[in-house]
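Trainee: Got a minute to go through a structure with me? I'd like to see how the labels follow from the numbers.

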Amino acid sequence: MQSRVHELRSFVVKNFLFGEDQRLDNADSFLDNGIIDSTGILELVMYLQHTYEIEIYDEELIPDNLDSVNRLAAFVEHKLAMPAVSKVS
Amino acid sequence: MCGLAGILNFGGEPVDPEVLGDMVAMLRHRGPDERGLVIRNSVGFGHARLSIIDIAGGRQPMQSHNNELMITFNGEIFNYLELREDLARAGHRFRTRSDTEVILHLYQRYGEHCVDYLNGQWSFAIWDKRNRKLFASRDRLGVRPFFYACTRDALVFGSEIKAIFAHPGIVHDLDPHGLEQIFTFWATLPPSTPFRGVYELPPGHSLVLQGGQLTVRRYWRLQFEPASGVSSDPEHLVEELLELLTDATRIRLRADVPVGAYLSGGLDSTLTTSLIRRVHSGPLKTFSVGFEDRDYDESAFQREASTFLETEHDSVRCTYDDIADVFPRVIWHTEMPILRTAPAPLFLLSRLVREDGFKVVVTGEGSDELFGGYDIYKEAKIRRFWAKQPASTLRPRLLGRLYPYMQDIQKQSPAYLAAFFHVRPGDLEDPFFSHLPRWELTSRLKMFFSDEIKTELHGYDPLEELRAQLPPDFGRMDPFCQSQFLETAYLLPGYILSSQGDRMAMAHAVEGRYPFLDHRVVSFAATIPATLKMKALNEKHILKRAARGLVPDSIIARHKQPYRAPDGRSFFNGKHREYVQDTLSSSSVRDAGLFKPDAVNGLLSKFAAGHANGTKDNMALVGILSTALIMDQFILNFRRSPHLCSHEFTNCAAS
């Protein structure tokens, strides 16, 4: 889990904060802090699908799953733990 | 249409004709037909002329018959014929047929109140010798520019900042506060400019310098007062609106050269072109810009409008490479960092117009502001509607109707759409309600500001500065009108009419004329009830009714697409562009001291990898690149135009 948090944090810092990560707490809301705009969500989802080979359904596109580094990590862990049927074949 | 420049030395020493000539030389693109200088001891006016009215007699700077007054003037007074008649009846005798001379006589008669009589787009300066007074003015909506700066010994002014920078006493320095404003509002707040110590005369203001005192005064204020004693009968409003717009168009055809029209494929320019057809017989030439990228292209609607209105049509097809190629020259003309590349295609369009031999075009700007066409109005209306029942699951679904041309919005899940447009407690009472989402998104770009810039801006809040400028009753205005006011009083002059308007057209000596910005139309539109401007979520409802029969039905029915151009992608389209690499190299960014080199590098890498698609990344790239180009072209490596020889001045007088 720790390494997942680290991976996802690195992606967010590189892709949305352009390396300026000093103040980002892993529990910080991306929305409240203006870290991710409407396009950012799509970028994030594409990254998750590509990197972890998971499929993400429309109903999963909610802030509860995607709105902080910690939530992202938990969501990815949850998806990876699911039976293979929900993974991209 | 022209360029003006001037110097007033406080200590009485004579103006140096070479310095004033150098200032005029910087404006040659605005006025390639004639150049003039008139120096009266410590006051000197310069002028670069684009001859449109009274080609032979309208030479400038112009002096009154008794030499008591002199004027340098950029713009057009569209009601000059009527004013001239009134003045002649009152005993004024004219030597020319020009509108310039009409201003001189009006000033003689009414003094500073002369501007109240003008219907037009202007900036001018008058030297009143008897009263030892300089009087300068800018039109009500800010169509024409007027900048000024002071050295220890002089007031220096011009149509563009580059003319002011040609004066050796002016310091070239970027103002971080101007930068902060642009990276919030997409424009500076007048009188600020991106440069320290250089100011713009705000729209609707006059400037007086007399007895060592410089005063800037408002002579007109944009007032939105819906439904105050005005008919709310739509049929009556439509009739009156059409009558006004037709007359506004009619007087905008006054010129001693042929007048063409821009045709964007949207409602506004199709309507103004149609109105030209109503009042003017004979051939009409129209111009438009099309895009290689279909997401931006409106050629089909442009062709349809042209066929419907039987115009002779010409267009320029814009590619990604075109935008990147002309971008540095575009920035030389905007004189301001920009967050979108949208001015670039308009630069190409004015070049086409000029090549076709036209100096004047009628265009549709102002309509979206005044008649409620922008999506920001719709967005605010939906958010407000939803906020009244925050638990509603149906109301946020309306958000899906926003921005149909923006794929990243359309692909959002309902939960995220709701999250992006969510109304926070207290937001509804905020007079900036409609604009806060845009300003907050834009403000995210400041994460790229260097620590030095952030330190200098510490404690500065651009929203507070804006709040302090607003009319006292702003907080009590109807929310729709608040939103319209912010668009019309700030973004319109600060970006649409300048970076996309005057500066792009005048880069190739083309004058734009705007029937929707006739102050009679503006004042009338401001009284129309908001519900008739946007009926439910149908934008520009009343204008669409007025356009029936004058504009193809398909253009009235189409979803409004705001004018946009490809942004970041233009610079990363396979072709290696040395200037982008040079301007944004880590060492250049570090030396300029404005942005964080590592963060800029990260942004460039994201674009190079093809991963940057979002609004924020695109605005960041265009904003950072244009700011760096401003720094290079105006601060670090400012290039004066070649010195003009005396024989290049058609009008040169000194006393």
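Here is a chat about sheets, helix packing and cores.

Mentor: First, this is a predicted model, where local features need pLDDT of at least 70, side-chain atom pairs count only at pLDDT 80 or more, and totals for chains, interfaces and linings use all residues. Residues are numbered from 1 along each chain as its sequence is written, with chains lettered from A and ligands numbered from 1 in the order in which they are written.

Trainee: What makes H9(B) roughly perpendicular to H10(B)?

Mentor: Helices are DSSP runs of H or I, at least four residues, and strands are runs of E, at least two, numbered from the N terminus. H9 (320–334) and H10 (343–355) of chain B pack at about 90°, axes 8 Å apart. Axes are lines fitted to C-alpha atoms, for helices over the stretch in contact, and angles run from 0 to 180 degrees between N-to-C directions. Since 65 to 115 counts as roughly perpendicular (under 35 is roughly parallel, over 145 roughly antiparallel, the rest oblique), H9(B) is roughly perpendicular to H10(B).

Trainee: Which residues meet there?

Mentor: Among them, Val326(B) and Phe327(B) in H9(B), and Pro345(B) and Phe347(B) in H10(B). Contact means C-beta atoms, placed from the backbone, within 7 Å.

Trainee: How do you know that E5(B) and E6(B) pair?

Mentor: Pairing takes at least two bridges found by DSSP. E5 (69–77) and E6 (120–128) of chain B have nine, in the antiparallel sense, so they pass. One bridge partner of Leu69(B) is Asp128(B) in E6(B). Both strands belong to an open sheet ordered E4-E5-E6-E7-E11-E12 (chain B).

Trainee: What makes E10 and E18 of chain B edge strands?

Mentor: In the seven-stranded open sheet E10-E8-E9-E1-E3-E2-E18 (chain B), pairing is mixed. E10 and E18 of chain B each have a single partner strand, so one side of each is left without a neighbour in the sheet. E2(B) joins E18(B) through four bridges, running parallel.

Trainee: Why does the largest nonpolar core lie between two domains?

Mentor: A nonpolar core is a set of buried Ala, Val, Leu, Ile, Met, Phe, Trp, Tyr and Cys residues joined through C-beta atoms within 7 Å; buried means 20 or more other C-beta atoms within 10 Å (12 or fewer is exposed, in between partly exposed). The largest has 178 residues, with Ile103(B) and Phe157(B) touching the most other members. Helix H27 (615–636) of chain B gives the largest share, eleven residues. Domain 1 (2–221) and domain 2 (573–636) of chain B both contribute, so the core lies between them.

Definitions and conventions:
Domains from an automatic or database assignment. Contact = placed C-beta atoms within 7 Å.
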